Structures are given as structure tokens and as C-alpha cells.
Amino acid sequence: MKHFLKLLNFEFNRFFKMYLVLIGLTIVLQLAGSIYEGFQYVDMAREMMQGNMLTMAEYASEYGPMSIYHFIKTGWFLGPVAIAVVSLLIYSLFIWYRDWYGKNTFAYRLLMLPVSRMSIFFAKVLTIFLCVLGLVALQYVLLHLEHMILARIVPGPLFMELPIAALLTYDFLVILYPPTFFEFLIYYGAGLLFLIVNSTMILLERSYRLKGIILVVIYGAVSFIILLAPLLINDKLGGYFFPFEIFLIELGIALMIGIGSIVLSRLLLNHKVRV
């Protein structure tokens, strides 16, 4: 465990500067965006009220009040989220390939460490997963700050108080912050499974090079089809299975795919991967 934690810390430190950039970018853009959107709404409302001789209550009734929900649908909010998602997806590839394509073949030294090679595998997967959880936690804090900023800028009659707990049931936020434990297992378990399968596909390519690309496509497609099959079958049967039964079936399949990927990755790391 001590060696694994050292590897995990090492992998996180390699990503730390980029991670700080993502955090800083998210904080600056979203907080600046909440200030901008708040003042823009107030300016627009004042012009409309002056032009149409409306009170704040009348304007809010006719055109709708401002709320945090309106802000999360703007580019100020969605842009940083999209950048973070794309960056982490790219890094899930880069975390492996930079060991082969750096100035020195660092993969050779990494794989020659006196530790289990699967410790390297899990350290890389867990680094990405923990970074995702960190950004999700940061976003939760930012939602509260953005709500406070908007509430300060927008006059009371023009602002609709929306509890953050209620906000988390809208759009994609319900995926980031699942309302139940089972949904948490589904969404974040699927994310962890993606990282495991993704790492296995990279190791297939590193083991067989050109042939490996074909194996990657086949392996990825088969895993996706198998995972999706129960949902498609249940839909064809007109909802024959109860939701909880589907959950258990999907969980079982996901565990088989995950365990299968881990076993395959172990074989590849110990016997096939070339540096």
C-alpha cells in the first residue's frame, strides 16, 4: 500500500500544474460570469421598466425573475465545465502515452520499479478519478458562491431564490450530483469503468501496435454493446424487468467488464507491453 500511495502521489504531482489551471479557470470564469450576467440582467430590466413604466414586481411577473438556474445555462458556466471534461478525457490518454513519447522512454524505468505493475495501472486510473471528484466538489462550492453573488447584485423582487438542492435536479447536474446512492453507483461507477476500459485499450495498442488498434476498436465496441444490451432487450420486451432488476443486471455486467479489463491489463503489463 505504501508503494501504491507513492505512485498515486507521483502521478498526481505530474498533473498538479494543469489541474491548478483547470481549477483557476473554472473559478475565474464562473465567478466573473455570475457578476456579468447579474449586472446585465439588472441593466436590461431597468431599461424595460423605464420604457414600459413597470414596477419590479410587474416586470418579474411579465418577463420572469433572474435565478441561478438561468446562469447555469450560459456559456460562462457550461464553458469551464466542458473544458474540464475534455481536458480530463485527453489526460486519461496522455497519462499513459507521455511515458512512451517523452524525451526519454520513462515507461521503461516506470515498469522496472520493484512494485506490482498493476499498482501503476491503478495509480493512473485513480488519479483521473480523484481529479474528477475534486472538480465536482469545487463546482458544488461555486454554485453556492454564484447564487450568493447573483442574490447580491439582482434586487430582491427580480431575483427568484432557488435552493441548490433543487437546482441539482436539473439538466446534467443530476448526473454530477446524483440524488440517490444507487444513481451515484451508476453514474460514477460508469465513469470509473470507462477509465479502466480506456486504460486497457491503451495497453492493447502498446502491446500490439498496429494490430492493437484493431483490437482496441473491437474491445471497446464489444464492451459497449454488452453493457448496453440489457437496456435494449428490456426496451424490446416493453419494460419486462423492473428498474431495480435492470440495475442489478447492469451492475453485474459492469463488474464483469471491469474485472475482465483488470485481468487483461495485468496480463498485458506482465507479458506483452513493450517499451
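Author: In this predicted model, a residue is called buried when its relative accessible area is under 20%, exposed when that area is over 50%, and partly exposed in between.

Reader: Is R209 buried, exposed or partly exposed?
Author: R209 lies in helix α9, and its relative accessible area is 28%. Because that value falls between the cut-offs of 20% and 50%, R209 is partly exposed.

Reader: What is the phi of R209, which is not a glycine?
Author: R209, a residue of helix α9, is not a glycine, and yet its phi is positive. The value of this angle is about 50°.

Reader: Which element has the lowest mean pLDDT in the protein?
Author: For the protein as a whole, the mean pLDDT is 87, and 97% of the residues reach 70 or more. Among the elements, helix α6, residues 117–153, has the highest mean, 93. Where pLDDT is low, the predicted coordinates should not be read in detail. The lowest mean, 71, belongs to residues 106–111, which form helix α5.

Reader: Which helix gives the most to the largest nonpolar core?
Author: The largest nonpolar core has 66 residues, and those with the most contacts inside it are F121, L143, L158 and L167. The helix that gives the most to this core supplies 15 residues, and it is α6.

Reader: Which residues does L158 touch, leaving out those up to four places away in sequence?
Author: L158 is one of the residues with the most contacts inside the largest nonpolar core. With residues up to four places away in sequence left out, L158 touches Y41, A45, M49, M56, Y59, A60, P65 and M66.

Reader: Is H147 buried or exposed?
Author: H147 has its place in helix α6, and, leaving aside residues up to four places away in sequence, H147 touches I68, F159, E161, L162 and I164. Its relative accessible area is 12%, which is under the cut-off of 20%, so H147 is buried.

Reader: Which helix gives the most to the nonpolar surface patch?
Author: The patch covers about 1000 Å², and among its residues are F181, F182, L248 and I259. Both α9, residues 181–236, and α10, residues 243–272, supply at least two residues of the patch. The helix that gives the most, with 7 residues, is α10.

Reader: What is the relative accessibility of I259, and why does I259 count as exposed?
Author: I259 lies in helix α10 and is one of the residues that make the nonpolar surface patch. A residue is exposed when its relative accessible area is over 50%. I259 therefore counts as exposed, because its relative accessibility is 52%.

Notes: Residues are numbered from 1 along each chain as its sequence is written. This is a predicted model: local features need pLDDT of at least 70, side-chain atom pairs count only at pLDDT 80 or more; totals for chains, interfaces and linings use all residues. Side-chain values use heavy atoms; hydrogens and water are left out. Patches are made of residues with over 30% relative accessible area and no salt bridge: like charges are joined within 9 Å, nonpolar side chains (Val, Leu, Ile, Met, Phe, Trp, Tyr) within 5 Å. Accessible areas come from the Shrake-Rupley method with a 1.4 Å probe; for residues, only the protein chains shown count as cover. A salt bridge is a side-chain nitrogen of Lys or Arg within 4 Å of a carboxyl oxygen of Asp or Glu. Helices (H or I, at least four residues) and strands (E, at least two) are DSSP runs, numbered from the N terminus. Buried means under 20% relative accessible area, exposed over 50%, partly exposed in between (1.4 Å probe, protein chains only). pLDDT is the predictor's confidence in each residue, from 0 to 100. A nonpolar core is a set of buried Ala, Val, Leu, Ile, Met, Phe, Trp, Tyr and Cys residues joined through side-chain atoms within 4.5 Å. Contact means heavy atoms within 4.5 Å.
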